Amino acid sequence: MTTTPAPVIETSPPSAPADPGSGAATLPQWRLMARRFRKNRLAVASAIVLVVLYACAILAPFLSPNSYDQQDADLKNASPTSITWSGGPAICSRQQQLDTETFSYKYRSDCGQSVPLRFFGEGYHYKLFGLIPTNRHLVTVDKPNTLLLWGADSAGRDVFARSMQGARVSLTIGLLGVAVGTFLGATVGTISGYFRGAVDTVLQRFIELLTSLPTLPLWLALAAILPQDMSVTGRYFLITLILSLVGWAGLARQIRGKVMSYAASDYVAAARIAGSSSARIVFRHLIPNASSHIVATAMLAVPATIISETSLSFLGVGMLPPAVSWGVLLSDAQSVSTVQQYPWLLIPAALVVIAVICFQLIGDGLRDAVDPYG
């Protein structure tokens, strides 16, 4: 009698245990926030656009073929230079003509006489990053021709060069103003929510008084008392301080509510039992736990600060000439007739809109990424 051998069952060797560090539960909070933020394509695209804008602001003299303060009476309100192709990129030569009906100068392009563009050519002297003397620019043309990518203003100054230079003020004043306001709001809100009692009552009444004041008239009054002959740097920092004096109140209210809930947590009680001082509990435990909300709120506050600076400068009480900001540039386009004849003067307004939208989209992305486990 023969017996059939039992079938041999092949088993694979046990697989190695999964790396516990690869799970989302073991990642730090900032990594989880970054992962969630990257999934928001609009926020990521907005961040890229903002990086480009800030890079243009930093490299403004290199990108600009003309100096932002160079005036040319023969180019008053000149339209953007026409670009053509003649064995390579070139510009059309232009001729200035007087319109006898409006008594304003018109410019006629003649593409039959083209002037080649020169990349990394020589132009006016400047200091790259404020340190390296050079006269190289991204694109230039041979004199006496002038390259005006976005046209010229009423004084014959290059709108493109002034817009890039103005980005330095308008974009940085938003970040600096929000940084000051965020520090004040986070500190006052945390102290108010942690200590409560009389301290909370006094701080909240002060915040209510501050928020009851109309914002724009208050800014106008504070900016109007600044001396007209103040230096550009001094006025820049004082305008930043003015913009940050009011903006922190809303954040302080929000942080107060969060800290009041955190103060009842077990880790705060454990810190008290361990002998931690109130200052250590506030700055070591409460503020870091509210940091994600602070970052998201601060990012949403940046566009409001940019618009505020633009509004003050547009009204003539913010940054003043010879300083250059987007608001100062828009002050040249206050009349409808000017905008109709010279629409390129509104280009700085488009830059303001782009920057504000990008900051808002990034703020929304950060707000969604604040709770990575959700």
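Buried residues account for 41% of the 374 residues of the protein. The structure is a predicted model. Its secondary structure consists of 13 helices and 5 strands. Of the contacts with a separation of 6 or more, 67% are made by residues 24 or more positions apart. The protein exposes about 20400 Å², and 63% of that area is supplied by carbon and sulfur atoms.

Two of the helices were examined for their span. Helix α10 covers residues 291–314 and contains 24 residues. From its first C-alpha to its last, α10 reaches 34 Å, close to the 34 Å expected at 1.5 Å a residue. Just after α10, G316 adopts a positive phi of about 85°. Helix α13, with 23 residues, runs from 347 to 369. Its first and last C-alpha atoms are 33 Å apart, close to the expected 33 Å.

The buried residues of α13 include P348, L351, V352, A355 and V356 towards the start of the list, followed by C358, F359, I362, G363, G365, L366 and A369. An α-helix has 3.6 residues a turn, so residues three or four places apart point the same way. Within α13, the buried set contains L351, A355, C358, I362 and G365 as well as V352, V356, F359, G363 and L366.

Backbone geometry was considered next. Besides the glycine G316, with its phi of about 85°, positive phi values occur at two residues that are not glycines. F120 has a phi of about 55° and lies in strand β4, which spans residues 118–128. R196 likewise has a positive phi, of about 55°, and is placed in the loop between α4 and α5 (197–212). R196 has a relative accessibility of 37% and therefore counts as partly exposed, the range between under 20% for buried and over 50% for exposed residues. The peptide bond between K143 and P144 is cis, with omega about 5°. P144 belongs to the loop between β5 and α4 (159–195).

On the surface, a nonpolar patch is formed by I58, F129, L131 and I132. Together these four residues have about 440 Å² of accessible area. One member of the patch, F129, is located in the loop that connects β4 (118–128) and β5 (132–140). Another member of the patch, I132, is at the position where β5 begins.

Note on methods. Residues are numbered from 1 along each chain as its sequence is written. This is a predicted model: local features need pLDDT of at least 70, side-chain atom pairs count only at pLDDT 80 or more; totals for chains, interfaces and linings use all residues. Side-chain values use heavy atoms; hydrogens and water are left out. Patches are made of residues with over 30% relative accessible area and no salt bridge: like charges are joined within 9 Å, nonpolar side chains (Val, Leu, Ile, Met, Phe, Trp, Tyr) within 5 Å. Accessible areas come from the Shrake-Rupley method with a 1.4 Å probe; for residues, only the protein chains shown count as cover. A salt bridge is a side-chain nitrogen of Lys or Arg within 4 Å of a carboxyl oxygen of Asp or Glu. Helices (H or I, at least four residues) and strands (E, at least two) are DSSP runs, numbered from the N terminus. The expected span of a helix is 1.5 Å times one less than its number of residues. Buried means under 20% relative accessible area, exposed over 50%, partly exposed in between (1.4 Å probe, protein chains only). Contact means heavy atoms within 4.5 Å.
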